[in-house]
Amino acid sequence: MERPADFARPYSPRLFFQTVIARAYPRIIGTQREKSWLFFDVFLPMLAVSAYVFVYRAIGAPETYIGFVVMGGAMTAFWMNILWSMSSQLYWEKEQGNLALYIIAPNSLMAILLGMAFGGLVATTLRAFAIVLFGSLLFKVQFAVTSFLALFGTFTLTMVALYGMGMMFSSLFLLLNREAWHLANLAQEPIYLLSGFYFPLRSLGFWVAASSSLIPLALGMDAMRQLVFLEGPSFGFLNVGIELAILGALSVIFLIGARYLLAYMERLAIREGRLTDSRR
Amino acid sequence: MQAETSMAHQNGATRNLRAMGRSFLTAAWLGWQIESNWTDPFLFAIYSVVKPVSGAAILVVMYGIISGGDFDSPLFAYIFLGNAFYIYVGSVMTGVSWAVLDDREHYKTLKYIFIAPIHAPSYLMGRGVARFLTGTISVIVTIAAGMLFLNLQLDLRAVDWPLFFAALGMGVIMLANLGLLLAGVTLTIANHVWFVGDTVAGALYLFSGAIFPLDVLPVWLRPLGFAMPLTYWLELLRRSLVGDVAQAFPTLAGLSNAQLFAILIGLSLLFGILAFAIYRWCEHAARERGLIDMVTNY
């Protein structure tokens with residue numbers, strides 16, 4: 001049986017963690033340097049949140065839905081980060097000429113992806129927090145958190161599954177080449193729809209909602225809404241415990257998938273020598 | 001002597017017109033190639049339709065769960081049509097300005113285009129044509145889905161077609177001009193360009209009453225909506241398609257179709273003049289400061 005190419009690299013835990021930190025650094029520190037990016041990352045989702053809030057107000061929706069929209073708007077920051085800074089990242093790196101350097105360097109590609117995920121998660125959490133804060137103040141959203149520990153655990157598990165999926169997609173998008181950009185562009189509104197970003201997931205009906213559960217944000221958001229809003233449990237799709245169990249399983253599947261797809265991509269790069277070519 | 005000078009001017013004007021037409025047509029063809037040549041026609045058709053239909057479906061689900069599926073209400077037609085025609089804002093306006101970004105960042109050809117004997121504004125407008133075409137398909141599919149599956153009350157025999165096409169044509173020209181304005185701004189900035197189109201489109205979505213009547217906005221924000229040509233454009237399109245339903249909302253009910261059209265023309269002219277002046281200024285500034293080929297990672 002052929003061993004994945006990554007195992008052939010000299011493994012050193014120290015180098016692995018150094019790589020994670022090195023790749024996370026520009027995501028955490030670098031992105032804060034450009035203050036306008038921070039502003040736009042918060043401002044743009046706020047525009048969408050405001051528009052949907054006014055739609056709900058125009059049709060006379062209960063105030064709980066306003067809270068759902070604010071939370072959904074905050075979570076769009078994570079999905080955008082997954083699409084443009086995780087899934088498409090290796091493709092961008094190829095376009096800029098960095099991918100070949102990643103592949104010939106002695107460090108683990110998995111560590112690079114983990115660094116990207118960790119850095120992206122920290123930077124995006126700051127933005128999502130700002131969206132929740134501004135949205136709550138602007139539209140007077142009432143929260144009723146029953147357990148901060150459960151909320152933190154749900155958020156963490158959702159993010160592990162989500163960024164695991166992002167890591168897996170990064171190799172897939174790279175293999176798609178020029179279509180990666182279009183695919184990332186396409187995977188916005190349909191995912192907002194299927195994951196219930198702006199309405200309760202169960203409104204989609206059982207089978208559609210169940211299919212959507214493959215997207216970690218769908219179940220993660222549903223569980224978090226049940227934990228932070230007074231009327232949240234009455235809008236829930238499944239019991240929070242079941243949703244957490246599914247998210248746990250998705251985390252494992254996506255991380256293993258990321259590991260194997262990355263190894264496949266690397267083997268392809270070495271064997272064919274064309275993967276790092278920038279084709280426009 | 002006077003006759004010779006007049007003839008020289010006439011020849012110059014003819015040459016300029018030819019350059020504008022040539023630049024526009026070539027750019028339109030180029031834009032279509034760029035937009036469509038990355039995949040097969042079937043996948044391209046799906047790609048062009050899924051995104052806008054999903055956007056409309058979000059609103060449909062939101063409306064459906066609150067109203068209990070009352071899709072006969074005039075408010076549903078208001079929201080659905082406003083959202084459907086707003087697709088043009090993203091495709092035409094952002095399509096024109098995105099050409100700067102595409103040519104500068106992705107293909108790295110912008111510097112060659114600016115030293116070529118072309119008419120740059122016509123070139124940029126031409127690049128928006130492909131997005132206009134795909135946007136038109138999306139609008140038609142979205143409205144057809146509304147009629148077929150959601151009881152959107154649109155009687156094609158009762159549509160005021162002359163008003164519809166006049167308003168649509170005026171609106172597309174207005175959006176292309178706004179796109180040119182954004183293209184000018186994009187030329188002068190290298191680090192924030194990804195956000196320009198999305199920010200303007202997002203802000204217009206909020207303030208133009210595209211998906212909710214302007215009365216829902218806080219009082220202090222409404223003047224912004226009334227200053228936008230898009231507000232009157234969308235209202236005219238709704239009135240031409242569903243007449244009484246659109247007039248049922250108090251915001252612009254006091255204005256006749258002719259008054260709305262006059263306001264749309266006036267504001268479009270104003271924004272058009274502003275757009276060309278700002279574009280010219282930005283292009284000059286970009287050339288002077290050496291920004292034409294300055295990419296994000298400079």
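This is a guided tour of a predicted model with chains A and B, given as a series of selections.

**Stop 1: the interface**

Start with chain B and chain A together. The contact draws 41 residues from chain A and 38 residues from chain B. Between them the two chains bury about 3,600 Å², and 75% of that area is on carbon and sulfur atoms. The size of an interface is often given as the accessible area lost when the parts come together.

Next, look for the polar features. The rule finds 1 salt bridge across the interface of chain B and chain A, and 2 residue pairs in polar contact, both at pLDDT 80 or more. On the side of chain B that touches chain A, the elements giving two or more residues are α2 (41–67), α3 (74–106) and α8 (193–207) of chain B. Color α2(B) separately: its 13 residues are the largest share of that side.

Now select A:Glu189 and B:Lys51. These two form a salt bridge, with the closest N and O atoms 2.9 Å apart. A:Glu189 counts as partly exposed, because its relative accessibility is 23% and buried would require under 20%.

**Stop 2: other salt bridges**

Over all chains, a search of the whole structure finds 12 salt bridges. Two pairs within single chains are worth showing as sticks.

Select A:Glu63 and A:Arg57. Their side chains meet in a salt bridge at 3.5 Å, N to O. Both ends are partly exposed: A:Glu63 has a relative accessibility of 48%, and A:Arg57 has a relative accessible area of 35%.

Move to chain B and select B:Arg238 and B:Glu235. Here the N to O distance of the salt bridge is 3.6 Å. Are these two residues buried or exposed? B:Arg238 is buried at 2% relative accessibility, and B:Glu235 is buried at 4%. Both lie in helix α10 (residues 229–242) of chain B, 3 residues apart, which is about one turn of the helix. An α-helix has 3.6 residues a turn, so residues three or four places apart point the same way.

Stay in chain B and select B:Asp102, B:Asp103 and B:Arg127. Salt bridges that share partners join these residues into one network.

**Stop 3: helix α5 of chain B**

B:Arg127 leads to the next selection, since helix α5 of chain B spans residues 120–127. How many of the residues of this helix are buried? The count is 8 of the 8, so the helix is largely enclosed by the rest of the structure. Among the buried residues of α5(B) are B:Tyr123, B:Leu124, B:Met125 and B:Arg127.

**Stop 4: helix α7 of chain A**

Return to chain A and select A:Thr154 and A:Phe155. A:Thr154 is found in helix α7 of chain A, and A:Phe155 is in this helix too, which covers residues 148–176.

A:Thr154 is buried, with a relative accessible area of 0%. Leaving aside neighbors within four places in sequence, A:Thr154 is in contact with A:Gly220, A:Ala223, A:Met224, A:Leu227 and A:Leu244.

A:Phe155 counts as partly exposed at 21% relative accessibility, just over the 20% under which a residue is called buried. Not counting residues up to four places away in sequence, A:Phe155 touches A:Phe78, A:Thr125 and A:Met224. To see how the fold brings distant parts of the chain into view, set a distance from A:Phe155 to A:Leu244: the C-alpha atoms are 9.9 Å apart, with the two positions 89 residues apart along the chain.

**Stop 5: a nonpolar surface patch**

Switch to a surface view and select A:Phe129, A:Leu133, A:Phe134 and A:Leu137. Together they make a nonpolar surface patch of about 450 Å². A:Phe134 lies in helix α6 (residues 109–139) of chain A, and is partly exposed with a relative accessible area of 44%.

**Stop 6: two residues with positive phi**

Finish with two lysines. A:Lys140 is found in the loop between α6 and α7 of chain A. Phi of A:Lys140 is near 50°, a positive value in a residue other than glycine. A:Lys140 counts as exposed at 64% relative accessibility.

In chain B, select B:Lys108, in the loop between α3 and α4 (110–115). Phi of B:Lys108 is near 55°, again positive in a residue other than glycine. B:Lys108 is partly exposed, with a relative accessible area of 40%.

Terms used
Residues numbered from 1 in each chain as written. Chains lettered and ligands numbered in written order. Predicted model: local features only at pLDDT ≥ 70, side-chain atom pairs only at ≥ 80, totals over all residues. Heavy atoms only, no water. Patch = residues over 30% accessible without salt bridge, like charges linked within 9 Å, V, L, I, M, F, W, Y side chains within 5 Å. Areas by Shrake-Rupley, 256 points an atom, 1.4 Å probe, with all protein chains shown as cover. Salt bridge = Lys/Arg side-chain N within 4 Å of Asp/Glu carboxyl O. Helix = DSSP H or I, 4+ residues; strand = E, 2+ residues; numbered from the N terminus. Buried < 20%, exposed > 50% of the residue type's maximum accessible area, 1.4 Å probe, protein only. Contact = heavy atoms within 4.5 Å. Buried area = accessible area lost by both parts, 1.4 Å probe. Polar contact = N/O pair within 3.5 Å; in protein donor to acceptor, adjacent residues only side chain to side chain.
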